[in-house]
Amino acid sequence: MRSEREISRSSVTRRGFLKRVGATAGTVALAPAVSLPFVSTALAQAKTLKILQWSHFVPQYDKWFDGFAAEWGKKNGITVTVDHIPHLELPARAAAEVSAGAGHDIFAFSGSGGPHLYEKHVVDLSSLVSEVEKKHGKVHQVGRQIGYNDDTKVWSALPAYYISFPGLYRKDLWDEVGMKPDSWEDIRVGGAKLKAKGTPIGISLGHSVDPNLSYRSMLWSYGASECDQTGKRVTLNSKETLEVVKLVRAIYKDAMEPEVLSWDDASNNRLLASGRGSWIHNPISAYRTIQKANPELADKIHVWKTPAGPVRRLACGSPNSYGVWRFARSKDTAIEFLRYWTDNWVAIFEASTGYNHPLFENLVPKPMPILSNDPTSHPADKLQVLETADEWHATYGYPGPAGPASDEVADNFVIVDMMAKAATDKATPEEAVAWAQKETELIYRKWSAA
Amino acid sequence: MSVTAQAAAPRRLARSRFTFDRLEVLGPLFIIPAILYVVVLVGLPFLLALYYSVSAYSIFNPSYTFVGLKNFREVMDSEIFRRTLANTLIFTISAQIIGLLLGKIGAMLLMQEFPGRRLARALIVLPWAVPVSLATLAWLWMFDSLYSVINWTLVAAGLIDAANRPQWLGQEDLAMIAVATVHAWRLFPFGVVIFLAGFTSVPQDVLDAATIDGAGFWRRNYQIVLPMIAPIIMIAVIFGTVFTFTDLSVVYLLTKGGPINSTQVLGSLAFQVGILSGDVAHGAAICLFLFPFLLVAVILLLRSLRRREI
C-alpha cells in the first residue's frame, strides 16, 4: 500500500498540469520563430513555382501537364508544384488566396470573369501576350474577351484555351427522320420527331454551367444578346430574345423530357450514354467517355457544329486563362513558364485529345492532330468539323468583353431561369424576358458603379 | 545581494502557487480560450460582415467607401432575393418539423427493448456523423432524373407510371421537399438524442400514476411527457433553426438553388454573389438578412424556455 505522500507525488496536480501545458504551448509558439531564419534562408536558396488549375475533364491532360511542368522545372533548377482542384472550387479558392495574400504563383481561371474580377490582384501580362501574338499569330476573340480590359488597356491573364461547344448527335436516329441537326429550327423539328420515337434531345434547364453556354449560343444565333458591344448596356429585352424564349419553350415541350429541369453538367452526358438521347449540346468529353464505356454506341454518335440561327452560327465556349498573382513569390519564373507552355501547343493539344482549343491563330496548324485523323473514332475524320471551331465561338459577355457583370448573370443563372420560366409556363415569354432584363440590369448597374 | 535573490525566488513561487489556487483567477483563465474563440471566429467576422455590407467592397474594387444602406436596398430590389428569403423560411421551418417528428418517433422506438437496440442507437447517429458532402451526393443519386432508386422502387411497386416519374430536383415543389427532407434527415439523429435524453428524464412513477389514473398513450404523451421535456426540445429547436437557417451545403450540392431559384436559400445566394461573383458587399448584405430573423427566433424561444422554467 502506497503512503499518502507517495500518492500525492505521483498524481497530476492542477499546478503541475498548468505548468506543463504552459511549457508545451510556449515551445510550440516559439518553434517557428526560432526556426524562421533557417527556413527563410533555405527558401531563398530554392526556386519554386506553384501552379493551381482545375482537374481537367481529360485526366490524361493533367498527367501530361504535371510531367511537362516537372521536366521544365528540372531543366531550370526550379521545384514546380501543380495542384488540381475541381473547377467549381476555383472561384472560392481565388478569393481565399487573394484575401490571404498568399497561395500559388500561377492561377488558372476557369470561366470568364476571373481575370477581369481580379485585375487589381494580378500582374499585367500585356508584354507576354504581345510577344505570343508576334510569335503565334493573332489572339482569338474569346481570348480578348476574357483577358483584355479595353478601359485600362491591361491584359490581366494569358488566354490559355477554350472548350468548344458543338452538337453531339446520334447519326443513326437523325438519319431515320431524314434530318441533320444543323440549325436550332432543326433541333425543334427533328427533336420533336425523335422524342415521339422515345429518343428526346436534351439541354439542361437547371442551375449548371452547360445551359448557361447553350442558351447564350442560342440567343447570339438569333441576333440577341445580354449586353451591347461596350459591355455596359443591357440589351436583353428585344424581339430577338423573345423569339428565342418562344423557341426554347417549344423545344422543351416538343423535344425534351421534364427531367432537364433538374440536370447538372453530367446529366446530358448520361442521357446520351444511356442510348436514349438523340442530341446534346456539349464538349466532346461526353463522346470520349462513351468511347471507353460503350464503343458500339460511340460509333453511332457524330459531332457537328453548334446549331445555326437566322443571324449567325455562334456558340459560347468555356474559356480558360492563366493569371499571375501580384503577391506571387516567383513572378518572373511564372511568366517564363507560361511562355514555355505556349511554345508547346501541339503537345498540349494532343494531350488534351483535341479538347483544349488554342486561343492564338497559329498555335496548332491545320490539319490539326487528332481532329483531322482520330484513330479511335469511326470514321477517323469524325471530329474534323472542330477544326473550324474558331469561326463559331465567342464567350460570355458577347458582343462585349466578359467581366464581373456578365459572370454574375451567369452565376445567378438568369438566362437559364428566363428560359425555364417560360418553358414551364411559370411566366409568359414576355414576362420571362422582362424579368431577366430587370435582374440583369440590377447586376450590370451595380458593377458599372464599382 | 545573492542572499536577497535566493530568498525572493521561493517567495515568487509561493505567490504564483497562491494565485493559481484562487478560483477567481483560475476560472477566467480557463474560460479565456472559449471567449477568444467566439471573439475571433464569430465576433470579428460578424463585425467585418456588418462593415462590408455598408461599403462598396468587391474583389474587383477593394474599396471600403461607406455607402449606407444602398446595398440592402439593391438586394431587396431583386425578385431572386425576395424569393430566396421566402424559401429560407420554408426550408427552415419544414426541415425543423420533419426532423423533430422523425427524431421523436425514432426516440420512442429506441426506448423500447428489442434485440440489437444498442447497435440501432449507434447506427442512428450516422446521418449526423457522415460528412455532409458525401451524404448529399448519395441523395443526389437517389434523386437522379434517370437512375433514381426512389423512382425505380415506386415504379416497381406499381405506384407510379415510368413515363410520368416525378422529377425530384426538377419540379419546384418537389425540389423544395427534397432539400428539406435531406436536411431533416441530417437533423433527425440530433432530435433522437435530445428526445431520448428527455424521455429518460421523465420519472417513471409519474407515468405509472397517470396510467393508473386511466391516461392512455396520447394523453401521457401530450399532457405529461411533452410538457415535461419541453425545455429540452426548445434547445433542440434553437440549435436546429440556427443550423438550418445558415446552411447552404445541402442546397448547393443538390440543386444550386434551382430550378428557377425555387430552392435558393440565403446562404447559397450569399455564397453565389459574395464569393463566386466577387461582390463581397452585396453578399454580406444578403447574409445579414439571416441575423434579424435568427435573433427574433432565438429571443422568442429563449423567453418561452425561461417562462417554462419559472
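## A parallel pair at the edge of a sheet

In this predicted model, G202(A) sits across from I280(A), a residue of strand β9 in chain A. The pairing behind that match is between β8(A) and β9(A), residues 279-281, which run parallel and are joined by 2 bridges.

Step back a little and you find an open sheet of 4 strands in chain A, with mixed pairing and the order β8-β9-β7-β10. The edge places go to β8 (201-202) and β10 (301-304), and each has a single partner strand, so one side of each has no neighbour in the sheet.

## A covered strand with two partners

Strand β6 of chain A, residues 158-163, is mostly covered, with 6 of its 6 residues buried. One of its partners is strand β12(A), residues 318-324, and the two pair in the antiparallel sense over 5 bridges. If you want a spot to look at, Y161(A) has N320(A) in β12(A) as its bridge partner.

Strand β13(A), residues 356-358, also pairs with β6(A), again in the antiparallel sense, over 3 bridges. Here Y162(A) stands opposite H357(A). As a general point, side chains in a regular strand alternate between the two faces of the sheet.

## Two helices, each with a buried face

Take helix α4 of chain A, residues 90-100, where L90(A), P91(A), A94(A) and V98(A) are buried. Looking down the axis of α4(A), those buried residues fall within an arc of 100 degrees, so they line one face of the helix. On the other side, S99(A) and A100(A) are exposed. The cover over the buried residues of α4(A) includes β1 (47-54), β2 (78-85), β3 (106-110) and α5 (114-117) of chain A, along with α13 of chain B. Right after α4(A) comes G101(A), with a positive phi near 65 degrees.

Chain B has its own example in helix α7, residues 132-142, whose buried residues are A135(B), T136(B) and W139(B). Viewed down the axis of α7(B), they fall within an arc of 95 degrees, so they line one face of that helix. S133(B), L134(B), A138(B) and W141(B) are exposed on the other side. The buried residues of α7(B) pack against α6 (126-129), α9 and α12 (249-254) of chain B.

## Chain B, a helical and spread-out chain

Chain B has 15 helices and 0 strands. Its radius of gyration is 26 Å, well over the 19 Å that the globule rule gives for 310 residues, so chain B is more spread out than a compact globule. Along its principal axes, the C-alpha trace of chain B spans about 100 × 70 × 35 Å.

Of the 310 residues in chain B, 33% count as buried. Now take the contacts in chain B between residues at least 6 apart in sequence: 68% of them join residues at least 24 apart.

## Where the chains meet

Between the two chains, 32 residues of chain B are in contact with 38 residues of chain A. On the chain B side, α1 (2-21), α3 (70-77), α4 (79-111) and α13 (266-276) each supply at least two residues. The most comes from α13(B), with 3 residues. By class, this side of chain B has 11 nonpolar, 15 polar and 6 charged residues.

## The largest core

The largest nonpolar core has 185 residues, and V248(A), M418(A), M419(A) and I286(B) have the most contacts inside it. Helix α9 of chain B, residues 172-201, gives the most to this core, with 11 residues. As for M418(A), leaving aside neighbours within four places in sequence, its contacts are V245(A), A432(A), V433(A), W435(A) and A436(A).

## Backbone oddities

Two cis peptide bonds are worth a look. One joins K366(A) and P367(A), with omega about -5 degrees, and another joins H378(A) and P379(A), with omega about 0 degrees. P367(A) is in the loop between β13 and β14 (393-394) of chain A, and P379(A) is in the loop between β13 and β14 of chain A too.

There are also positive phi values outside glycine. D425(A) has a phi of about 60 degrees and lies in the loop between α18 (414-423) and α19 (429-448) of chain A. In chain B, N261(B) has a positive phi near 60 degrees, and its place is the loop between α12 and α13. Which of these is buried and which exposed? D425(A) is exposed, with 10 other C-beta atoms within 10 Å, whereas N261(B) is buried, with 26 other C-beta atoms within 10 Å.

Conventions: Residues numbered from 1 in each chain as written. Chains lettered and ligands numbered in written order. Predicted model: local features only at pLDDT ≥ 70, side-chain atom pairs only at ≥ 80, totals over all residues. Contact = placed C-beta atoms within 7 Å. Nonpolar A, V, L, I, M, F, W, Y, C, P; charged D, E, K, R; others polar. Buried ≥ 20, exposed ≤ 12 C-beta atoms within 10 Å, placed from the backbone. Pairing = 2+ DSSP bridges. Arc of directions from axis to C-beta. Core = buried A, V, L, I, M, F, W, Y, C linked by C-beta atoms within 7 Å. Rg over C-alpha atoms; globule rule 2.2 N^0.38 Å.
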